[in-house]
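Grab a coffee and open the viewer. Here are a few short exercises to work through, each with a solution you can check against the coordinates.

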Amino acid sequence: MLSRLPFRSLALALFVVCYGMLAFGLYLQHVKGIEPCPMCIMQRYALAVCGLIGLVAGLHNPRRGGQLVYGALLAVAAVAGGGVAARQSWIQWYPPEVSECGPGLEYMLDSFPLASSLPMIFRGAGDCSVVDW
C-alpha cells in the first residue's frame, strides 16, 4: 500500500510527523514541565535529522538511486536514535546506583553565566533513569 504512494508525499509526510513529534516534546518540556535528560536530547537530534532528510528528499524528489541514498541516510539516523532510546529504556528498567545525567536547569542558570549555561541546556537536565510520565 505504501509502495503505491509517491516518494515525495512519503518523504514530506515523514518531515511533518518528525517535527510534530518534536513539537510535542517541546510542549511536554515547556508547558508540562517535564525536563528532558541528555538521552532525550540526543533522541530529539536524531528525530530532527530524520525530519530534515525527509524534507530534503521530498523537495529533491529523486529517482530510484537517490531514493536509496536518502533511505540509507534515514536508516542511519533512525538506528542511532533508536539505539539511544533502547539504552534509555534499559537504564529505566535497571537504574544505576548513581545517576550521572547532569544538574537541573535552575541550578545551571543560577550558577553559571548564560554563555556557559546554553551548551549545558542542550545537553538536557533530567535524570535518564526516572520515568516522568
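The exercises below start with the whole chain and then move to single residues; keep in mind that this is a predicted model.

**Exercise 1. Get the overall picture.**
Work out how many helices and strands the protein has, and what share of its residues counts as buried.

*Solution.*
- Step 1: Count the elements. You should get five helices and zero strands, so read along the sequence the pattern is simply α-α-α-α-α.
- Step 2: Look at burial. Of the 133 residues, 28% count as buried.
- Step 3: Check the surface. The accessible surface is about 9000 Å², and carbon and sulfur atoms hold 69% of that.
- Step 4: Ask how far apart in sequence the contacting residues are. Taking contacts with a separation of 6 or more, 76% are between residues 24 or more positions apart.

**Exercise 2. Place Gly58.**
Find which helix holds Gly58, decide whether Gly58 is buried or exposed, and list what Gly58 is in contact with beyond four places in sequence.

*Solution.*
- Step 1: Gly58 sits in helix H2, which covers residues 38-60.
- Step 2: The relative accessible area of Gly58 is 1%. The cut-off for buried is under 20%, so Gly58 is buried.
- Step 3: Skip the neighbours within four places in sequence, and Gly58 is in contact with Arg8, Ala11 and Leu12.
- Step 4: For one more distance, try Phe15. Gly58 and Phe15 are 43 residues apart in sequence, yet their C-alpha atoms are 8.6 Å apart in space.

**Exercise 3. Map the core.**
Identify the residues of the largest nonpolar core and say which helix gives the largest share.

*Solution.*
- Step 1: Start from the background idea: in soluble globular proteins, nonpolar side chains tend to be buried together.
- Step 2: Here the largest nonpolar core has ten residues, namely Ala11, Cys18, Leu22, Leu47, Ala48, Cys50, Ile53, Ala57, Tyr70 and Ala77.
- Step 3: Sort them by helix. H1 (7-30), H2 and H3 (64-93) each supply at least two residues of this core, and H2 has the largest share with five.
- Step 4: Zoom in on one core member. Leaving out residues up to four places away in sequence, Leu22 touches Arg44, Leu47 and Ala48.

**Exercise 4. Explain a surface patch.**
Phe24, Tyr27 and Val31 make a nonpolar surface patch of about 300 Å². Sort out how exposed Phe24, Tyr27 and Val31 are, and how the rings of Phe24 and Tyr27 are arranged.

*Solution.*
- Step 1: Val31 lies in the loop between H1 and H2. At 56% relative accessibility, Val31 counts as exposed.
- Step 2: Phe24 has a relative accessible area of 45% and is partly exposed; Tyr27, at 35%, is partly exposed too.
- Step 3: Phe24 and Tyr27 are three residues apart in helix H1, so about one helical turn separates them.
- Step 4: Now the rings. The whole structure has three aromatic pairs. For Phe24 and Tyr27 the ring centres are 6.1 Å apart with the planes at 25°, so this pair is stacked.

**Exercise 5. Classify another ring pair.**
Decide whether the aromatic pair of Trp90 and Tyr94 is stacked, tilted or edge-to-face.

*Solution.*
- Step 1: The centres are 4.6 Å apart and the planes of Trp90 and Tyr94 meet at 50°.
- Step 2: Stacked needs planes under 30 degrees apart and edge-to-face needs over 60, so the pair is tilted.
- Step 3: Finish with accessibility. Trp90 is partly exposed at 46%, whereas Tyr94 is exposed at 52%.

Technical notes
Residues are numbered from 1 along each chain as its sequence is written. This is a predicted model: local features need pLDDT of at least 70, side-chain atom pairs count only at pLDDT 80 or more; totals for chains, interfaces and linings use all residues. Side-chain values use heavy atoms; hydrogens and water are left out. Helices (H or I, at least four residues) and strands (E, at least two) are DSSP runs, numbered from the N terminus. Buried means under 20% relative accessible area, exposed over 50%, partly exposed in between (1.4 Å probe, protein chains only). Contact means heavy atoms within 4.5 Å. Accessible areas come from the Shrake-Rupley method with a 1.4 Å probe; for residues, only the protein chains shown count as cover. A nonpolar core is a set of buried Ala, Val, Leu, Ile, Met, Phe, Trp, Tyr and Cys residues joined through side-chain atoms within 4.5 Å. Patches are made of residues with over 30% relative accessible area and no salt bridge: like charges are joined within 9 Å, nonpolar side chains (Val, Leu, Ile, Met, Phe, Trp, Tyr) within 5 Å. A salt bridge is a side-chain nitrogen of Lys or Arg within 4 Å of a carboxyl oxygen of Asp or Glu. Rings of Phe, Tyr and Trp (its six-membered ring) pair if their centres lie within 6.5 Å; planes under 30 degrees apart count as stacked, over 60 as edge-to-face and the rest as tilted.
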